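Colleague: I'd like to go through the charged pairs in this one. Can you start with the terms?

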Amino acid sequence: MQQKIARARRQALQPLPGATTLIAVSKQQPLEKIRAAIAAGHVDFGENYVQAAYEHWPALKQEFPHVRLHMIGHLQSNKAKEALALFDVIHTLASPSLVQKLGQWKQQTGRQPELLVQVNTGEEVQKSGVSPLVLPAFLHICRDAGLDIAGLMCIPPEQDDPRLHFALLQQLAAHDSLTTLSMGMSGDYEHAARMGAGYVRVGSAIFGARPART
Ligand SMILES: *Cc1c(COP(=O)(O)O)cnc(C)c1O
């Protein structure tokens with residue numbers, strides 16, 4: 001997979017700055033599979049629920065301090081404290097109340113995780129994320145709260161060509177001088193890498209199909 005990502009990056013229209021980091025999305029996967037992925041050299045892992053991440057990751061991070069954990073699911077502001085204690089990167093900043101929580105925490109501790117703003121590029125009612133139209137205002141709120149924003153994240157609507165959404169995310173990021181794009185999943189991570197993704201988030205193509213939720 002790393003080779004496919006490297007090849008896709010070489011096919012980019014322009015030389016790409018930075019690197020594309022592969023996030024192994026381990027949500028709902030059993031502990032043995034996660035351990036095997038760490039043993040195989042994966043460093044970056046993604047989870048989409050704070051509570052589920054607490055099942056395995058506090059112990060795993062203690063055992064493997066080099067591992068970086070990414071929050072890629074909707075994050076409620078009442079879970080912010082727990083998320084801050086476990087995650088290194090949050091890809092789903094999208095509500096002013098979460099911005100306020102993170103801003104307060106930064107004032108108290110001087111620290112913040114790496115932060116990306118989730119953009120609802122397809123304007124889907126069932127998806128969270130900031131609408132592209134209000135993104136500049138939202139980024140303003142983030143900066144007022146003292147937060148550094150590294151970039152933007154999107155989850156394209158299933159029926160659309162993801163490249164349209166990756167291109168929109170690129171444009172929105174460039175407009176605000178943001179450098180890191182979190183885009184691309186199992187079905188489209190090569191497109192995303194070719195279009196300069198800083199993070200691709202791949203689950204089933206690494207771990208196989210997810211077991212049904214219990
Ligand atoms: C589950 C998930 C992924 C990974 O999905 P796959 O299709 O299994 O690669 C990526 N991003 C987010 C936000 C997810 O929730």
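Modeller: Sure: buried means under 20% relative accessible area, exposed means over 50%, and partly exposed is in between (1.4 Å probe, protein chains only). This is a predicted model, where local features need pLDDT of at least 70, side-chain atom pairs count only at pLDDT 80 or more, and totals for chains, interfaces and linings use all residues. Residues are numbered from 1 along each chain as its sequence is written, and side-chain values use heavy atoms, leaving out hydrogens and water.

Colleague: Why is arginine 68 called partly exposed?

Modeller: Its relative accessible area is 29%. That value lies between 20% and 50%, so arginine 68 is partly exposed.

Colleague: What makes arginine 68 and glutamate 114 a salt bridge?

Modeller: A salt bridge needs a side-chain nitrogen of Lys or Arg within 4 Å of a carboxyl oxygen of Asp or Glu. Here the closest N and O atoms are 3.8 Å apart, so the pair counts. Arginine 68 sits in strand S3 (residues 68-71) and glutamate 114 in strand S5 (residues 114-118), so parts 46 residues apart in sequence get tied together. Strands are DSSP runs (E, at least two residues) and helices are too (H or I, at least four), numbered from the N terminus.

Colleague: Why does glutamate 114 count as partly exposed?

Modeller: Glutamate 114 has 25% relative accessibility, which is between the two cut-offs, so the label fits.

Colleague: What makes lysine 61 and aspartate 88 a salt bridge?

Modeller: Their closest N and O atoms are 2.8 Å apart, so they meet the cut-off. In all, the structure holds 9 salt bridges.
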